[in-house]
Amino acid sequence: MDELKDLIAEQIPRLRRYARALVGGRAQADDLVQDTLERGWARRHLWRRGSDPRAWLFTIMHNLHVNQVRGRVRAPGLTPLEDNAPEHAWRPAAEEALIVRDLARALEQLPPEYRETVLLIGLEQMSYQEAAEVLGVPVGTVMSRLARGRERLRALMSGQTQPTLRRVK
Amino acid sequence: MTRNGAIPESELHAYVDDRLDPARRAEIEAHLAADPEAAERVRAYRRQNETLHELFDPTLDEPVPERLAAALAPRRGAVWLRSGALAASVATAFLLGWYLRGAPPAAVVAEAALARQAAIAHAVYTPEVLHPVEVRAEQEEHLTKWLSKRLGSSVRAPHLGAAGFELVGGRLLPGGGRPAAQFMYQDARGGRLTLYVSAEASDNRETAFRYAREGSLGVFYWVDGPLGYALAGELERERLLAVAEAVYHDLNR
């Protein structure tokens with residue numbers, strides 16, 4: 001099992017990057033990573049030797065995140081937990097900063113399923129097939145979420161407001 | 001690609017993500033040269049990918065917090081807290097309990113309600129000058145007996161002197177359908193903390209610390225056996241966490 005432990009530990013930086021992009025604040029993101037690691041570790045007997053630990057861990061994180069988002073929706077009136085302000089560790093040039101900040105803000109406005117899809121592919125560079133497995137949806141759904149998510153980001157960043165969107169699976 | 005029509009959406013994205021074979025890529029490129037609208041979208045999408053990396057890649061180089069490295073060891077909440085690791089070590093049993101069962105996250109909602117009730121009670125009673133508590137610390141034994149009886153579970157006020165807070169006293173409060181208790185503490189400068197204790201958690205679970213913030217008020221809350229606890233105070237997160245750990249240790253002595 002030490003082999004698996006090392007494989008999981010190797011994934012921590014990437015899990016943290018994805019979580020940070022997904023939920024924003026550092027503490028909140030690390031909470032999600034910690035939940036993911038603990039759940040993964042508790043279920044380590046379910047891991048198939050030789051299979052990709054990254055996809056497995058990202059799937060766990062996806063499921064936890066979905067549950068958290070649902071939990072929040074069912075508890076109206078709650079302030080989002082943890083620090084709200086996303087923390088970014090870099091200092092870009094002024095003009096660049098504007099674009100980058102805009103994307104961070106636009107990302108927050110995406111429905112969670114679009115955000116996940118855009119991040120898994122654009123940031124984590126997963127194949128469409130891998131993203132489909134992590135998200136538990138068909139590849140076609142990944143493609144349509146990706147297209148809509150990216151187009152939404154583009155619209156948000158060019159200052160266009162879109163009419164209320166339909167939730168598309 | 002259709003002969004005269006637009007590039008299929010899926011291929012446009014596969015092009016952006018560099019997932020096409022060279023022949024197909026060349027065809028798309030040729031098409032894009034004649035379709036400024038599509039070319040503009042491709043540029044925008046690529047820029048999104050680059051910006052995502054600029055934004056979030058720095059996370060990859062951050063040192064991994066100890067609590068995350070420690071998550072890969074079969075240890076339980078109490079040990080974690082003692083090790084000084086940061087909060088939110090969700091007890092494995094709890095997580096598996098309700099996630100795997102596929103039950104709705106009612107438990108989480110209930111705990112968030114705990115934090116909220118604690119925050120409200122804190123806001124109502126800490127500004128009180130004349131009557132901050134019903135029973136003062138001088139009658140601590142009476143206080144804990146009375147509250148234990150009303151909550152139907154053994155309750156006691158942790159001693160937080162080492163963290164710089166002395167017990168002021170406590171009171172009985174309406175919880176979500178059941179009685180709850182509030183203990184109030186004060187430091188040397190008059191800063192007040194409250195510990196809200198609720199007997200609503202029916203099953204014997206143990207959760208990690210969770211953190212919520214409402215304005216300047218921070219709340220750490222957790223469930224330990226039959227009781228839910230929420231420590232509220234206008235302190236920085238780290239400082240409040242240290243006190244929450246002191247509460248936890250004192251109650252588990």
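User: How do α6(A) and α7(A) sit relative to each other, parallel or perpendicular?
Analyst: In this predicted model, α6(A) and α7(A) are roughly perpendicular to each other. Helix α6 covers residues 128–135 of chain A and helix α7 covers residues 139–157, and they pack at an angle of about 100 degrees. That angle falls in the 65 to 115 range, so the pair counts as roughly perpendicular.

User: And what is the distance between the axes?
Analyst: The axes of α6 and α7 in chain A are 8 Å apart.

User: Which residues meet there?
Analyst: From α6(A) you have A:Tyr128, A:Gln129, A:Ala131, A:Ala132 and A:Leu135. From α7(A), A:Val139, A:Val142, A:Met143, A:Arg145 and A:Leu146 come in to meet them.

User: What classes of residue are in that contact?
Analyst: The contact of α6(A) with α7(A) has eight nonpolar residues, plus one polar and one charged.

User: Zooming out, what is the secondary structure of chain A?
Analyst: Chain A has seven helices and zero strands. Read from the N terminus, its elements go α-α-α-α-α-α-α.

User: How much of chain A is buried?
Analyst: Of its 169 residues, 53% are buried. The accessible surface of chain A is about 7800 Å², with 51% belonging to carbon and sulfur atoms. As for contacts between residues at least 6 apart in sequence, 69% of those in chain A join residues at least 24 apart.

User: OK, now the same for chain B. What does its secondary structure come to?
Analyst: For chain B the tally is 10 helices and eight strands. This chain has 253 residues, and 52% of them are buried. Its accessible surface comes to about 11800 Å², and carbon and sulfur atoms hold 54% of that. Among the chain B contacts with a separation of 6 or more, 55% are between residues 24 or more positions apart.

User: Let's talk cores. Which residues touch the most other members of the largest nonpolar core?
Analyst: Those are A:Ile8, A:Leu37, A:Leu119, A:Leu120, B:Leu32 and B:Leu52, in a core of 61 residues.

User: Which helix gives the most to this core?
Analyst: Helix α1 of chain A, residues 2–23, gives the most, with nine residues.

User: Is there another core, and how many residues does it have?
Analyst: Yes, another core of 33 residues lies apart from the largest one, and its members include B:Leu143, B:Val155, B:Leu172 and B:Ala181.

User: Back to A:Leu120 for a second. What is A:Leu120 in contact with?
Analyst: Setting aside neighbours within four places in sequence, A:Leu120 contacts A:Tyr18, A:Phe58, A:Gln125, A:Met126, A:Ala131, A:Val134 and A:Leu135. Of these, A:Ala131 and A:Leu135 are also among the α6(A) residues that meet α7(A).

User: Switching to B:Thr59, is that residue buried or exposed?
Analyst: B:Thr59 has a relative accessible area of 3%. The cut-off for buried is under 20%, so B:Thr59 is buried. You'll find B:Thr59 in helix α4 of chain B, residues 58–61.

User: What does B:Thr59 contact, leaving out its sequence neighbours within four places?
Analyst: A:Arg16, A:Arg17 and A:Arg20.

User: Last one: where is B:Tyr196?
Analyst: B:Tyr196 lies in strand β4 of chain B, residues 192–198. B:Tyr196 is buried too, at a relative accessible area of 2%.

User: What does B:Tyr196 touch beyond four places in sequence?
Analyst: Quite a list, including B:Leu114, B:Gln117, B:Ala118, B:Ala121, B:Leu173, B:Pro174, B:Tyr229 and B:Ala230. Take B:Ala118: it sits 78 residues away from B:Tyr196 along the chain, with their C-alpha atoms separated by 5.5 Å.

Definitions and conventions:
Residues are numbered from 1 along each chain as its sequence is written. Chains are lettered from A and ligands numbered from 1 in the order in which they are written. This is a predicted model: local features need pLDDT of at least 70, side-chain atom pairs count only at pLDDT 80 or more; totals for chains, interfaces and linings use all residues. Side-chain values use heavy atoms; hydrogens and water are left out. Helices (H or I, at least four residues) and strands (E, at least two) are DSSP runs, numbered from the N terminus. Buried means under 20% relative accessible area, exposed over 50%, partly exposed in between (1.4 Å probe, protein chains only). Contact means heavy atoms within 4.5 Å. Axes are lines fitted to C-alpha atoms, for helices over the stretch in contact, and angles run from 0 to 180 degrees between N-to-C directions. Angles under 35 degrees count as roughly parallel, over 145 as roughly antiparallel, 65 to 115 as roughly perpendicular and the rest as oblique. Ala, Val, Leu, Ile, Met, Phe, Trp, Tyr, Cys and Pro count as nonpolar, Asp, Glu, Lys and Arg as charged, and the others, Gly among them, as polar. Accessible areas come from the Shrake-Rupley method with a 1.4 Å probe; for residues, only the protein chains shown count as cover. A nonpolar core is a set of buried Ala, Val, Leu, Ile, Met, Phe, Trp, Tyr and Cys residues joined through side-chain atoms within 4.5 Å.
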